[in-house]
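Reader: Hi, I'm new to reading protein models. Can you walk me through this one?
Author: Sure. Here it is.

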Amino acid sequence: MDTTVVVRPAVEADADSLGRVHAACWHETYDHLLSAAALSQLHPERLAAMWRRYTSQGPEYRQVVAVVDGEIVGFAGSGPGHDADLPGVPELYFVYLLDAYHGTGIGQTLFDAVVDPGPSSLWVAADNSRAHGFYARNGYTPDGRNKVEEVLGEQLSEVRLVRQAVAQTGGDGGIEHERQYS
């Protein structure tokens, strides 16, 4: 069965849907890394409020959504880097996709919409092998930096991945587009 996916910039009107999808993605992604008690603190309403702020950020920030049959199924975001030792290097903040859509190519489309060719960095949970594989296919390697972040009151180990300049693989600066997936 073919699925039409629209990847487009996130807008404020998406905030409630994004709050629900964001919470669902976190449950699906982090259930083996964070306790059920920690994950129970995720509230779609709070995440929706966060998304309202995100969608009003300046043009150097990109947030996009993937829409299938009128429903948001994933999202991605990038912007200026936060790491002082990588001045001027953009950072991929997140790529999340509901489990039902893993392996369809939608994650790659989301990634391409927010990450330009060239150097960039990201932080990822140290124990998220699926994400590590995805980022490795996109040219990222660990640079030896790691940190422990407090997430929902618990400790989560993260590693930094970096990518040097690469040939363009379809990044389009966040322009809306539609693709067919089987």
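Author: First, a term. Helices here are DSSP runs of at least four residues, numbered from the N terminus. Also, this is a predicted model.

Reader: Okay. Which helix does histidine 22 lie in?
Author: Histidine 22 is part of helix H1.

Reader: Is histidine 22 buried or exposed?
Author: Buried. The cut-off is under 20% relative accessible area, and histidine 22 has 6%, so it counts as buried.

Reader: What does histidine 22 touch?
Author: Leaving out residues up to four places away in sequence, histidine 22 touches Leu47, Met50, Trp51 and Phe75.

Reader: And phenylalanine 75, what is that in contact with?
Author: Quite a list. Not counting neighbours within four places in sequence, the contacts of phenylalanine 75 include Leu18, Val21, His22 and Cys25. Trp51, Phe94 and Leu110 are also among them.

Reader: Which residues touch the most other members in the largest nonpolar core?
Author: That core has 51 residues. Tyr30, Trp51, Phe75, Leu92, Leu110 and Tyr135 touch the most other members.

Reader: Which helix gives the most to this core?
Author: Helix H1, residues 15-30, with 7 residues.

Reader: Switching to strands. How many residues of S5 are buried?
Author: Strand S5 covers residues 120-125, and 6 of its 6 residues are buried.

Reader: Which residues sit on each side of S5?
Author: Ser120, Leu122 and Val124 are on one side. Ser121, Trp123 and Ala125 are on the other. Both faces are covered.

Reader: Why do they split up like that?
Author: In a regular strand, side chains alternate between the two faces of the sheet.

Reader: Does S4 run parallel or antiparallel to S5?
Author: Parallel. Strand S4, residues 91-97, is joined to S5 by 2 bridges. Glutamate 91 has serine 121 as its bridge partner in S5.

Reader: And S7, parallel or antiparallel to S5?
Author: Antiparallel. Strand S7 spans residues 154-163, and 6 bridges join it to S5. Tryptophan 123 has arginine 160 as its bridge partner in S7.

Reader: What do S4, helix H4 and S5 make?
Author: A right-handed β-α-β unit. Helix H4 is residues 106-114.

Reader: Last topic, pockets. How much space lies in the second largest pocket?
Author: About 190 Å³. Its lining has 16 residues. Closest to the centre are Arg62, Pro90, Val114, Val115 and Asp116.

Reader: Which strands supply at least two residues each to that lining?
Author: Strand S3, residues 71-79, and S4.

Definitions and conventions:
Residues are numbered from 1 along each chain as its sequence is written. This is a predicted model: local features need pLDDT of at least 70, side-chain atom pairs count only at pLDDT 80 or more; totals for chains, interfaces and linings use all residues. Side-chain values use heavy atoms; hydrogens and water are left out. Buried means under 20% relative accessible area, exposed over 50%, partly exposed in between (1.4 Å probe, protein chains only). Two strands pair if DSSP finds at least two bridges between them. A crossover is right-handed if, with the strands pointing away from the viewer, the path from the first strand over the helix to the second runs clockwise. A nonpolar core is a set of buried Ala, Val, Leu, Ile, Met, Phe, Trp, Tyr and Cys residues joined through side-chain atoms within 4.5 Å. Contact means heavy atoms within 4.5 Å. On a 1 Å grid over the protein atoms alone, a cavity is a set of points where a 1.4 Å probe fits but cannot get out, and a pocket is an open set with protein on both sides within 12 Å along at least five of seven lines; lining residues have an atom within 4 Å of a point. Grid points are joined across faces, edges and corners, and a volume is the space filled by probe spheres set on the points.
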